[in-house]
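This briefing sets out selected features of the structure shown below, grouped by topic. Helices, domains, chain contacts and individual residues are taken in turn.

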Amino acid sequence: MDTHYDILIIGGGTAGLTVASQLTDRIGGRHIGIIEPSAKHYYQPLWTLVGGGIFPREESERDEADLIPDEVAWIRDAVAAVDPATRSVATTAGGTLTYDFLVVAPGVVQQWAAIPGLVESVGKPGTGVTSNYSYETVASTWEAIRSFRGGTAVFTEPLTPVKCGGAPQKIMYLAEEAFRDSGVRDRSRVVFMNAKPTLFSAPYYIPALERVIESRGMEVQLGQELVALRPDAREAVFRDVKTGTEQVLRYDMIHVTPPLSPPDFVRTGALANGDGWVEVDKFSLQHVRFPEVFGLGDASNLPTSKTGAAVRKQAPVVVENLLALRAGQPLAARYDGYTSCPVVTGRGKLIMAEFNYAKEPVETFPVDQRVERFSMYALKAYMLPRLYWHGMLRGRA
Amino acid sequence: MTPEATVMAATSMHPEDTVSAGATLQTIEQRTRAIAEVAEGLRPLIASAHQAPALVAVLMDSFDEAMRTARDRGIDVERGLMNGAEAAVRFGAMMDAEKVRDLDALLESGVLATGTLRVIGELGRALTETAAAPPAPLGIVGLLKALGQPDVQRALGFLVTVADRFGRRLREQTAAQS
């Protein structure tokens, strides 16, 4: 196997594959390599609907081998360290790869262990502790919702950035609707415990979401971070982010969005900023210290919501600027922070949030997207997955 | 030398070149006119293209309003569409030409007539209620007692009449086949 690549891509997720496909279309794939340890690829935006009992989790899974573009080399290994000074990457299997240009898109990892009591309870039958944030645990969410017989259902969001800013609350909306359908809503308390200071990152959409919450009798507590679970007592400990005061909530089911962070080789390596994220220029997506390195996707420090829709707009910028640099030309492509968060508010209802770095709405459709719509739900549930598998990952959309 | 020949000599042109250049000019003129006509024809389309977003907005708002109205009436359109599509596909996969003919016969029998559907609905309701609270086993004495109830008598009258007509049709069908 080659150990040197013109272009080496770290990560075979949404960002890595999209960039690889677009590069292959432009220059062929013979000198491109992708480092990705996983044999499976997941369309994670579907996991909200899997947790809501609408799709089986298997619908979100494909073989990675079927998605790697022709001619591109798949190095099935994980990255241990990147040394930008020598333009080399050490792998966990002991290999060393070198590159002329590097694209860093390893995604983020769940920090389950950061919350005491979570590892031993999440996804385990009978605990009531669930999470949509992994393939292994996502099916347990619907089991917990389906078997809920009333009491307190808690939904959490951590202080760290998460994949799709709306996802921690989407599952609450689906659960609340399911509780109505099963006749237990009257004897249930539905609470959203969000460590962040606002309900949603783009203020334009907050009033619409607040109306949904108020009209359906859900509760929201902001600035409350989950710091521990006591599975035996079914208690969750929350700390007020501002005052440090702790409160204990007893739960009958709890959906946990774990803290997320870049993998260790990024957090502790030379590519990271002070907070551990890949430090790229937010417009050109070029690394601020190592010009031959580009970064995109969830592990980057880009101040926007981490979504597949954002990657769809970031990938062409990385490709354009990387090829310009390779040709000795100025970097002209710019990313404006576009991201999209389809906030499912129930089965057949969705608020389609789209915004940029300035958190201003950048909406695709000529209608008020703050309104709950069936058409937007149908787009998310039935159109976007097809667009993803057959368009985006193939470099066509 | 004629004045024209003098000009041609000065510009190194041959008499055939002028014919060819004239023809080219004429072709360009014709094509320009054709393009202008096409552009003119496209003008209404271009004008309406500016209205496309508004048209899309009207369609989307109307569609979503219809879906909201259905939901308010207790109809879950999303489930209905998905389950309906799956049921239709399964039903379609079970059919063959002979079954389609049998289905035709069923549909032409009047089974979908309003009155018939209502009766079938009542029968379905009775079955559901009975299944929800299954009755105790009935012996001869219980049966004789039940025969004295007006509702049982009404149902029996209905069923006996159905049996009479059903038997006549079976006899006619057997005769037609032999």
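Which residues of α7(A) are buried? In this predicted model, they are Gly308(A), Ala309(A), Ala310(A), Val311(A), Arg312(A), Gln314(A), Ala315(A), Val317(A), Val318(A), Val319(A), Asn321(A) and Leu322(A). The model as a whole has an ipTM of 0.76 and a pTM of 0.82.

**Helix α7 of chain A**

- Helix α7 of chain A covers residues 308-326, 19 residues in all. From its first C-alpha to its last it reaches 26 Å, close to the 27 Å expected at 1.5 Å a residue.
- The helix has a kink of about 25 degrees at Gln314(A), shortly before the proline Pro316(A). Gln314(A) is also one of the buried residues of α7(A).
- The packing partners of the buried residues of α7(A) are both helical and extended elements of chain A: the helices α1 (14-27) and α8 (374-392), and the strands β8 (96-104), β19 (293-295) and β20 (339-346).
- Gly328(A), just after α7(A), adopts a positive phi of about 75 degrees.

**Helix α4 of chain A**

- Helix α4 of chain A (residues 167-181) has 15 residues, for which 1.5 Å a residue gives a span of 21 Å. Its end C-alpha atoms lie 22 Å apart, in agreement with that value.
- Because 13 of its 15 residues are buried, α4(A) is largely enclosed by the rest of the structure.
- Just after α4(A) comes Gly183(A), with a positive phi of about 80 degrees.

**Domains of chain A**

- Chain A is assigned two segments to domain 1 (4-108 + 262-337), while domain 2 takes residues 111-260.
- The centres of domain 1 of chain A and domain 2 of chain A, taken over C-alpha atoms, are separated by 30 Å.
- Contact between the domains involves 15 residues of domain 1 of chain A and 19 residues of domain 2 of chain A.
- On the side of domain 1 of chain A that touches domain 2 of chain A, helix α2 (residues 47-51) of chain A gives the most, with 4 residues.
- By class, the residues on that side of domain 1 of chain A are 5 nonpolar, 7 polar and 3 charged.

**Chain B and its contact with chain A**

- Chain B has 8 helices and 0 strands. Along the sequence its pattern reads α-α-α-α-α-α-α-α.
- Of its 178 residues, 2% count as buried.
- The mean pLDDT of chain B is 85, with 89% of its residues at 70 or more.
- Between the chains, 9 residues of chain A are in contact with 13 residues of chain B. The side of chain A that touches chain B consists of 5 nonpolar, 2 polar and 2 charged residues.

**Phe374(A), a residue touching both chains**

- Phe374(A) lies in helix α8 of chain A. It counts as buried because 23 other C-beta atoms lie within 10 Å, where 20 or more are required.
- Leaving out residues up to four places away in sequence, Phe374(A) touches Gly348(A) and Lys349(A) in chain A, and Asp64(B), Met67(B) and Val77(B) in chain B.
- The C-alpha atoms of Phe374(A) and Leu296(A) are separated by 32 Å, the two residues being 78 residues apart along the chain.

**Positive phi at residues other than glycine**

- Arg87(A) is not a glycine, yet has a positive phi of about 50 degrees. Its place is in the loop between β6 (79-83) and β7 (88-91) of chain A. With 18 other C-beta atoms within 10 Å, Arg87(A) is partly exposed.
- Leu285(A), likewise not a glycine, has a positive phi of about 65 degrees. The residue is in the loop between α6 (264-267) and β19 of chain A. Leu285(A) is buried, with 28 other C-beta atoms within 10 Å.

**Glu235(A) in strand β15**

- Glu235(A) belongs to strand β15 (residues 235-240) of chain A. It is partly exposed, with 15 other C-beta atoms within 10 Å.
- Apart from neighbours within four places in sequence, Glu235(A) is in contact with Arg230(A), Val248(A), Leu249(A) and Arg250(A).
- Glu235(A) and Gly117(A) are 118 residues apart along the chain, and their C-alpha atoms are separated by 10 Å.

Notes:
Residues are numbered from 1 along each chain as its sequence is written. Chains are lettered from A and ligands numbered from 1 in the order in which they are written. This is a predicted model: local features need pLDDT of at least 70, side-chain atom pairs count only at pLDDT 80 or more; totals for chains, interfaces and linings use all residues. Helices (H or I, at least four residues) and strands (E, at least two) are DSSP runs, numbered from the N terminus. The expected span of a helix is 1.5 Å times one less than its number of residues. The bend at a residue is the angle between axes fitted to the seven residues ending there and the seven starting there. A residue is buried if 20 or more other C-beta atoms lie within 10 Å of its own, exposed if 12 or fewer, and partly exposed in between; C-beta atoms are placed from the backbone. Two residues are in contact if their C-beta atoms, placed from the backbone, lie within 7 Å. pLDDT is the predictor's confidence in each residue, from 0 to 100. Domain bounds come from an automatic or database domain assignment. Ala, Val, Leu, Ile, Met, Phe, Trp, Tyr, Cys and Pro count as nonpolar, Asp, Glu, Lys and Arg as charged, and the others, Gly among them, as polar.
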